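Colleague: I'm new to reading structures, and I'd like to start with one part rather than everything at once. Could you pick a single strand, take a close look at it, and then show me what lies around it?

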Amino acid sequence: MMLQGRFLLHTPFLPNFFFRGSLRQNQRIRRGFSKNMAWSMERCDLGLHVEIGVVHPATDAYAAEAVQALKTGKVIAVPTDTLYGFACDACLLEAVNRIYEIKGRKHTSPLAICVSDVSDIDRFALIDHLPHGLLDSLLPGPVTVVLKRGESSSLERSLNPGFDSIGVRVPDCNFIRLIARGSGTALALTSANLSGQPSSVCIKDFEKLWEHCASVYDGGTLPSGRAGSTVVDLSTPHKYKILRPGSAKEETVAILEKHGFIETV
């Protein structure tokens, strides 16, 4: 079967995905996040042979290849703990512009970044005003925290021009965190779909966009639905504002209020 003129797929049997690994559950899970919000796929067996094209399983074996694609300015499609996303090196303007082109998205809509670990966040955003342990309670997980970039941010000023804040993700998904760690920088990350269209929970959902990616990494059907991450503004000391409810609003609010934060409207 020929897909988009580039993808010749032989399907001797139906796709069958087995999730046999997970990241170690951190203290954040015990503080309120349910287990189905903290999964990762370290291995998957595919009954789908890709002879020509760029579809690969989202496993450790393909992480180095994905890192190399990012370093050469390519866009890739990856699973996260919520939705499938398009990712590129956040410090390569040409690659960032490519994401906007693929999605048909206006440049006035900012992109979030993804880093591998909570300890990386202070390279790109200001966190000194946050209580000790707060970010570790929220992340890794299905939450995007919006913070001030600050003058010391390592991000290129060409990323999201006109915005003094940045959304930051540390997904609870082993594959994308391996890629971010290997790249040594932040990844620009946005949902893998045309702007204004439904988000993607499996690679079939954005099949028509495969041809625009250097590689598509298949992590099976993601279990969290199409709500996406919960987006919360933490740029003001001791205050929070929910910008998008997403898939973890209740758990996020509970953690913030436990740390003495007050909601603003």
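Modeller: Happy to! Two strands are said to pair if DSSP finds at least two bridges between them. Keep in mind as we go that this is a predicted model.

Let's take strand β10, which covers residues 187-191. One of its partners is strand β6, residues 84-89, and the two pair in the antiparallel sense over five bridges. To find this pairing on your screen, look for Cys88, which stands opposite Ala188 in β10. Strand β7, residues 112-114, is also joined to β10, here by three bridges, and again the two run antiparallel. A good landmark for this second pairing is Cys114, which stands opposite Leu187 in β10.

Now for burial. A residue counts as buried when its relative accessible area is under 20%. Four of the five residues of β10 are buried, so the strand is largely enclosed by the rest of the structure.

What is around it? In soluble globular proteins, nonpolar side chains tend to be buried together. The largest nonpolar core here has 51 residues, and Phe86, Ile113, Ile121, Val145, Phe206, Val216 and Leu234 are the ones that touch the most other members. Strand β6, the partner you have just met, supplies at least two residues of this core, as do α3, α4, β8, β9, β13 and α6. Helix α3 gives the most, with five residues. Phe206 is a nice one to click on: leaving aside its neighbours within four places in sequence, it is in contact with Ala77, Tyr84, Phe86, Ala192, Ser200 and Val216. Apart from this core lies another, of 18 residues, and among them are Leu187 and Leu189, along with Ala63 and Ile179.

Let's follow one contributor to the largest core a little further, namely α6, residues 249-258. Its buried residues are Glu251, Thr252, Val253, Ile255 and Leu256, and they pack against α4, β8, β12 and β13. Just after the helix, Gly260 takes a positive phi of about 85°.

For contrast, finish in the loop between β11 and β12, where you will find Gly225. This glycine is partly exposed, with a relative accessible area of 29%. Not counting residues up to four places away in sequence, Gly225 touches Thr82, Leu83 and Val201. Gly225 and Ser200 are 25 residues apart in sequence, with 8.9 Å between their C-alpha atoms, and Ser200 is one of the residues in contact with Phe206.

Conventions: Residues numbered from 1 in each chain as written. Predicted model: local features only at pLDDT ≥ 70, side-chain atom pairs only at ≥ 80, totals over all residues. Heavy atoms only, no water. Buried < 20%, exposed > 50% of the residue type's maximum accessible area, 1.4 Å probe, protein only. Contact = heavy atoms within 4.5 Å. Core = buried A, V, L, I, M, F, W, Y, C linked by side-chain atoms within 4.5 Å.
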